[in-house]
There are 2 protein chains.
Amino acid sequence: MTDIRYHVAGIGNAIVDVLVHAEDGLLTRLGLDKGVMTLIDGAQAERIYESLPPGMECSGGSAANTIVGIASLGGRAAYMGKVKDDQLGRVFRHDIASAGASFQTAAAAEGPATARCFVLVTPDAQRTMLTYLGACTEFGPGDVDEAVIANAAVTYLEGYLYDPPLAKQAFLKAAGIAHEAGRLVSLSLSDPFCVSRHRAEFMDLVSGHVDILFANDAEIMALFETDDFDEALRRVRGHAAVAAVTRGAKGSLVVTDDDVIVVACDPVAHVVDTTGAGDLYAAGFLHGFTQGRDLAACARLGGIAAGEIISHIGARPAQSLAALVAAKLG
Amino acid sequence: MTDIRYHVAGIGNAIVDVLVHAEDGLLTRLGLDKGVMTLIDGAQAERIYESLPPGMECSGGSAANTIVGIASLGGRAAYMGKVKDDQLGRVFRHDIASAGASFQTAAAAEGPATARCFVLVTPDAQRTMLTYLGACTEFGPGDVDEAVIANAAVTYLEGYLYDPPLAKQAFLKAAGIAHEAGRLVSLSLSDPFCVSRHRAEFMDLVSGHVDILFANDAEIMALFETDDFDEALRRVRGHAAVAAVTRGAKGSLVVTDDDVIVVACDPVAHVVDTTGAGDLYAAGFLHGFTQGRDLAACARLGGIAAGEIISHIGARPAQSLAALVAAKLG
């Protein structure tokens, strides 16, 4: 992989998280399934916000969290996503650029506000999300920077991009550019309900366009419409060249055409908030991959990065992941 | 104290904190003294923000933190302060109202943006602050709600109100209304440099208008222009009826005309961020005071509330302080 400008270029919904501590009763009152992401419109966002306890605002967005993770690990990373030119949009831009990633997508001057995701963190450290897509609905193929994609070893796309209608075209355009340039395409399935909403399209993608697939157990089973995890693992083989499947505290599995690698993760003393666990797993994995590490090492790096993110509130690293990895692996 | 609608009414600069993890080297590069608050203008705020690492936004403001603490302890609390009607202003309003405090001050439709404070948290858990006052400069006597002040057992004022010029008039108006109605006035000295900036006025206040004074050791010494803590304690006697002086991990002292009560505080296992320690001490103390507790119990409650706030990032409680107090004191 010579001549690359970026190790990873990520495209995703550019979102500011509003993190709130919530009791299970609040999920019940709002009629929410724990652990999943639900889309809400602007009016719902206003109404729900009024019923939420005090919060903490922190930049989020699945692929953005991954890209910041890669920068924190020492990789060269670029991000594309759409904010509005408003206060939260400027916060989002600051947080990704100051983490060391390139973020050149123009902000929308008009239209809906920068996207927000209410992240309800329950005492069991699970997160349940309500997303108002806002300015993300303005992201389209014109926002895909061809030079960046063509010069990134891996282009990383979040499944959530299939929710705003225009972003899907941007997704396919980026995947096409990457493959045309001889680069790799990686997809995160994002959420089991997101998979269900767009299952046929995701199946096409995974069969024809995705080299490295990220999913957790629920997502991979949703993709293959099975309740049998082992069957889902068997069926993913032959689609993506590499599928990294996370299983929470049980670690992860890496499935290739001829192998299944089982990698444990270090226990985390005190799990505070699981927001971003999958995003940072992908960061660690892709960082290892673009540094030429073997798949087991990639999965191990994914576990270390995910372990950091779940030990505190918020989905962005609270410390240098490069320093953390150096301390753990020497 | 019959016929009160609120236990405590607070007036302060309405500020959203931008919390960032910072190494000591960043303070050096920015030429900042650790632990103090420096005022910056809008242009400086823009420039400094660019040099800061990724942050987390959280409602702050000294008196606002105290008022939220009182609501979390189960007291009835009201707040007055000025935000702009912008995204961060709406975040500030949500966070104080959803904590259970009344906040009726109209937002500014025009003029500077909602105030921000960059809070640089160093690895030693100390915080160093840079404040852009923004919309706080629009707060004036017309924003003082006479009915609220006259019906609050204690009106609590932060010394930082002496930085924006109009707020000082609001401060004096509120103190006058409170005393006219037979209520008490409490002042926090806020910061040693703030004391130095407004020392003569603070001396007048403490001598003639303040019933309950809050300060830490550095602030009380700045007020009396002495390096001798014991001398400062001697000199505060005869001014405010009650002076509660905090000393970090050493606990606090409560000075009255005829007594000095020394109260230790429980050790905190892991101090993460000292932002809001003084604000939450005042919350615990004033909550005890307005519930008729003795001064030693007030100081103990102050220590418990401060202990919670320094155990995590941010200056707003991450749990119900009423439940915490019940667990600690039974």
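Q: Through what surface do the copies meet?
A: Happy to start there. This is a predicted model, where local features need pLDDT of at least 70, side-chain atom pairs count only at pLDDT 80 or more, and totals for chains, interfaces and linings use all residues. Residues are numbered from 1 along each chain as its sequence is written, while chains are lettered from A and ligands numbered from 1 in the order in which they are written. Here, 100% of the interface residues of chain B are also interface residues in chain A, so the copies meet through the same surface. Two residues are in contact if their C-beta atoms, placed from the backbone, lie within 7 Å.

Q: How are the two copies related?
A: In general, two copies of a chain are related by a rotation about an axis and a shift along it. In this model, a rotation of 180 degrees with 0.0 Å of shift along its axis superposes chain B on chain A, with an RMSD of 0.0 Å (a least-squares fit on the C-alpha atoms of residues with pLDDT of at least 70 in both). The two copies are thus related as by a two-fold rotation axis. Of chain B's residues, B:E57 comes closest to that axis, its C-alpha lying at 2.4 Å.

Q: How many residues does the contact take from each chain?
A: Chain B gives 21 residues and chain A gives 21 residues. On chain B's side, strand 4 (56–59) and helix 4 (87–97) are the elements that give two or more residues; helices (H or I, at least four residues) and strands (E, at least two) are DSSP runs, numbered from the N terminus. The largest share of that side, five residues, comes from helix 4 of chain B.
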